[in-house]
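Biologist: I'd love a close look at a single part of this protein, one strand and the neighbours around it. Could you walk me through it, and then show me how the rest of the model fits around that part?

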Amino acid sequence: MGDKKVEETTEAQIAVHWQEEGYYYPSTKFIGQANLTDPAVYDRFSLDNFPDCFTEYAKMLDWYKPWNTVLDTSDAPCWKWFKGGLINASYNCIDRHLEKNKNKTAIHFVPEPESERVDHITYQELYVRVNEFAALLRDFAGLKRGDRVTVHMPMTAELAITMLACARLGVIHSVVFGGFSPNACADRIVDSQSRVLISMDAYYRSGTLLNHKINADDAVKIAKNGGQVVDKVLVWQRYPGKSSTETPMVAGRDFFVNEELKNYYGKRIEPEKMLAEDPLFLMYTSGTTGKPKGCQHSTGGYLAYVAGTSKYIQDIHPEDVYWCMADIGWITGHSYIVYGPLALCASSVIYEGVPTYPDAGRSWRIAQELDVNIFHTAPTAIRALRKIGPDEPAKYNYHFKHMTTVGEPIEPEVWKWYQREVGKGEAAIVDTWWQTENGGFLCSTVPGIKPMKPGSAGPGVPGIHPIIYDENGHEVTKAGIAGNICIQNPWPGQFQTIWGDRDRFVETYFARYCKDPKSKDWRDWPYLAGDAATKSDDGYYRILGRIDDVINVSGHRLGTKEIESAALVVNEVAEAAVVPVAHDIKGKVPDLYIALKPGYEATEALAQKISDAICEQIGKIAKPRKVWLVPDMPKTRSGKIMRRVLGAISNNKDVGDVMTLANPEVVVIIKEMVTGK
Ligand code: WT7
C-alpha cells in the first residue's frame, strides 16, 4: 500500500508546474455573436436543477419519440439518459438539415497533395453517400442493428461516411486509429466480436503514399488466432490504382467498396429508430492493465451532449467553417469533427496528412483557403508549429474567432504564442479537459462568459460539477492543493460501461469514492477521472496529469502496461518498466527499462529489436525514446519495480532516498548509464 501511493503520484510529481496566470478576456466582437453569453446558464445547470437541465441539450435534436425519464438510475452506475426516447444519430446529422441546407458543405476534405482539389461534400451528397453505403452494409455485408463493426481507416471523408452509415442502421462502430498496428486492431476486433472490418487501400502522410490494406490482412490473421473470424473486409479506395504497392485481395473475403457500391446507387435506407440508451459506438482507450477498454457510448445522451457542448463551448453556428485537427480515430474526432458539428449543420474540415508537411504554413494555408473561423487542436501540434514556424501564421490571411486546445496540459508560454500568433490576438480560446470515457467536455470556460487563464482548463462546463478528493475520500477545499479530480454527477455524454466488462467499469471509475455500492442514487457515485488536479480560488481547475499508469504522448493515451507487455513478447526480455519523460513537443514520451534474462548480452541490436516489437504491436506512437538495457530493476523489498526511481532518473530529477530498496546499488549504475553522472 505504501508503495502504491508513491507510484500513483509519479506522473503528477513530474508534471510541469507553473505559476498561476492572469486573465485574458474575449473581445466584444466575439461576445456579440456568441451562442451563450448569459451567466444564468450556470444556475440553470446547477445541481438543484439536475438532471432536468440536460433536456436543454436533448431539445437541440429531433426525436422520433420523446423520452419519459430524463435519468434512469435503476442500474447504477450504468446510467440511462432520456429513457423511452427514440432517435437516430445519422438522421440528426444529415436528414434533418436537408430541407433548408441541402446545398451547404457538410465536409471539406483536404487531401495531402496540395495539387489535388479540396472535396466539398454537401449535406445532400453526404445523404446520398451515407444511404448507399448503409445499403451495402446491410444487404451485402449482412450487418444489422446491434452488430459491431471494426473500422481501421485513415482521415478521409469516407471514414465519416462509414460511421454515419453504421449509425443509420444501428450498427455499433468501433473505429481504430489508422496509425495503430494490425495487432492493436486485432485486439479490438476480438474484444468487440466484429465479423466485418472496414479498411482503405492507402493514404498520404508526410509525402508518402502508405499502403494501409496490408494492415487489414495481418489484423484478420491475428484476430483469427484470438478466436474471432472476420468474414468480410470492405476496402475503400482512396486512390484507385495508386496504392504504393498492389492491394492484394483475398477472394471471397475482401471487396472494394467502390466496386460493390455500384449495386446500391440510388438506394435509400430508413434510419433505425434507436432507443436513446442503445450504444452508438465503442472507442477503445488505454488503462492500467494491458487490455484496452472499450468505452461504450450511447446514442441519445451522447449526441445531445456533443451537440450542446459544440454549440455552447465551441460556439459553432451553422454558418461557421470549423476545423478540428484531431484524428477521427480518437474521441475528439468522433465528438468534435463528426457528430457535434454535423448535428449543428456546420461545415467540418477533415484533412489528410500532418500539420508540419510540406512546411509549417500548411495549416494556415488551409485556414485561408477554406476561410476557417473556428480552430481546434492539441498542445503537441501547437508546440511543433511554434518550433518550426513561429512567424508563419502572420503570413496568411485568415481570422479565427475561436480556438480550442485539448488533450494535455498546455504550458502558459505555448498558450500565449497560440493566442498571439495563431489567434492573432482576436480569438477566444477554450482549454478543454475531458477523456475518451466522457463523450464531451468536462472542464472549460464558456467562451462568451468566462475569461481565459493560460494553463488552466477552467471551471466545470455547465452541468458538470467537479470535486477534488484526497486519498482518504475527503474533499480538498484549499486552493492550489492537488488531489484526485472527480465529477459529482452523471451527464449525458458519459460512457455507459466498458464493453463486456461491467465489473472493470465499476472498479476503475467508481469503486474508489463510492459512498454505498448498493445505492441507486447518483449522489453516491462520484466519477473518478484518473487525473491529479488543483482548484484555484476562482474555481478554475488546473490538470496536472494522470494518477494511474497512463502516459499522455502527444495527447494520446498509452498504458505503460500495454508497452511493457509488448516488450515482454521479445524472448530475451525478463522484465520491462515504462516511465514517462518530459518532451518539449510531445508532452511526454515513454522511456523503456529492460532487464534481460540470464545469459543474454545487452547489445544495440537487441535494444532496436525491442523498440521495433513495440511499434509492431501497438504502433509508432508508442515507440520508446530510448530502450535502456539495465543489469537489474530497482526493487522494493517486496519485489515491486520502483518506477518512480526510474522516472526520476529519466527526467534528470533527484531520485530521493533509495536506501530502503532491496538493491540500492543498481540505482547508481542505472543513473550513470542514463545521465552520465
Ligand atoms: C486524458 C484523457 C478527450 C480529449 C483527448 C484525450 C488528459 C485531456 C486535457 C487538458 C490537461 C488533459 C488528461 C485526461 N487531458 N485534456 N485540456 N488539459 N490534460 O482523450 O486519450 O482519453 O485522454 O488526457 O490526463 O485524463 P484521452
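Modeller: Let's begin at a single pairing: Ser199 has Val235 of S11 as its bridge partner. That bridge belongs to a parallel pairing of S8 with strand S11 (residues 232-236), which extends over five bridges. Please keep in mind that this is a predicted model.

On another side of the story is strand S6 (residues 148-153), which also pairs with S8 in the parallel sense, here over two bridges. In this pairing Val151 sits opposite Ile198 of S8.

Now for the strand itself. All five of the five residues of S8 (residues 196-200) are buried, so the strand is largely enclosed by the rest of the structure. In a regular strand, side chains alternate between the two faces of the sheet. In S8, Val196, Ile198 and Met200 point one way, while Leu197 and Ser199 point the other way, and all of them are buried. A helix is part of these surroundings too: helix H10 (residues 213-225) lies across S6, S8 and S11, and runs at about 160 degrees to S8.

Stepping back, S8 belongs to an open sheet of eight strands with mixed pairing, in the order S12-S11-S8-S6-S7-S14-S15-S23. Its edge strands are strand S12 (254-256) and strand S23 (497-498), each pairing on one side only. Further along the order, strand S7 (residues 172-177) runs parallel to strand S14 (residues 279-285), and two bridges join them. There, Ser174 has Leu282 of S14 as its bridge partner.

The domain assignment puts this strand in context: it gives domain 1 (114-272) and domain 2 (559-675). The contact between them takes five residues from domain 1 and six residues from domain 2. On the domain 1 side, the touching residues are two nonpolar and three polar, with no charged residues. The C-alpha centres of domain 1 and domain 2 are 37 Å apart.

There is a second sheet worth your time. It is an open sheet of four strands, with antiparallel pairing and the order S21-S22-S24-S25. Strand S21 (466-469) and S25 are at its edges with a single partner strand each, so one side of each has no neighbour in the sheet. From one strand to the next, the twist averages 50 degrees. Within this sheet, S24 and S25 pair in the antiparallel sense over five bridges, and Ala532 stands opposite Gly545 in S25.

Those two strands lead us to the ligand. Strand S24 (527-535) and strand S25 (541-546) each supply at least two residues of the shell around the ligand, as do helix H13 (331-343), strand S20 (428-432) and strand S27 (556-559). In total, 24 residues surround the ligand, and the closest are Trp433, Gln435, Thr436, Ile543 and Arg557. By class, the shell divides into eight nonpolar, 11 polar and five charged residues.

H13 makes a good last stop. This helix is mostly covered, with 13 of its 13 residues buried. Just after H13, Cys345 takes a positive phi of about 65 degrees.

Note on methods:
Residues are numbered from 1 along each chain as its sequence is written. This is a predicted model: local features need pLDDT of at least 70, side-chain atom pairs count only at pLDDT 80 or more; totals for chains, interfaces and linings use all residues. A residue is near a molecule or strand if its C-beta atom, placed from the backbone, lies within 6 Å of it. Ala, Val, Leu, Ile, Met, Phe, Trp, Tyr, Cys and Pro count as nonpolar, Asp, Glu, Lys and Arg as charged, and the others, Gly among them, as polar. Domain bounds come from an automatic or database domain assignment. Two residues are in contact if their C-beta atoms, placed from the backbone, lie within 7 Å. Two strands pair if DSSP finds at least two bridges between them. Axes are lines fitted to C-alpha atoms, for helices over the stretch in contact, and angles run from 0 to 180 degrees between N-to-C directions. A residue is buried if 20 or more other C-beta atoms lie within 10 Å of its own, exposed if 12 or fewer, and partly exposed in between; C-beta atoms are placed from the backbone.
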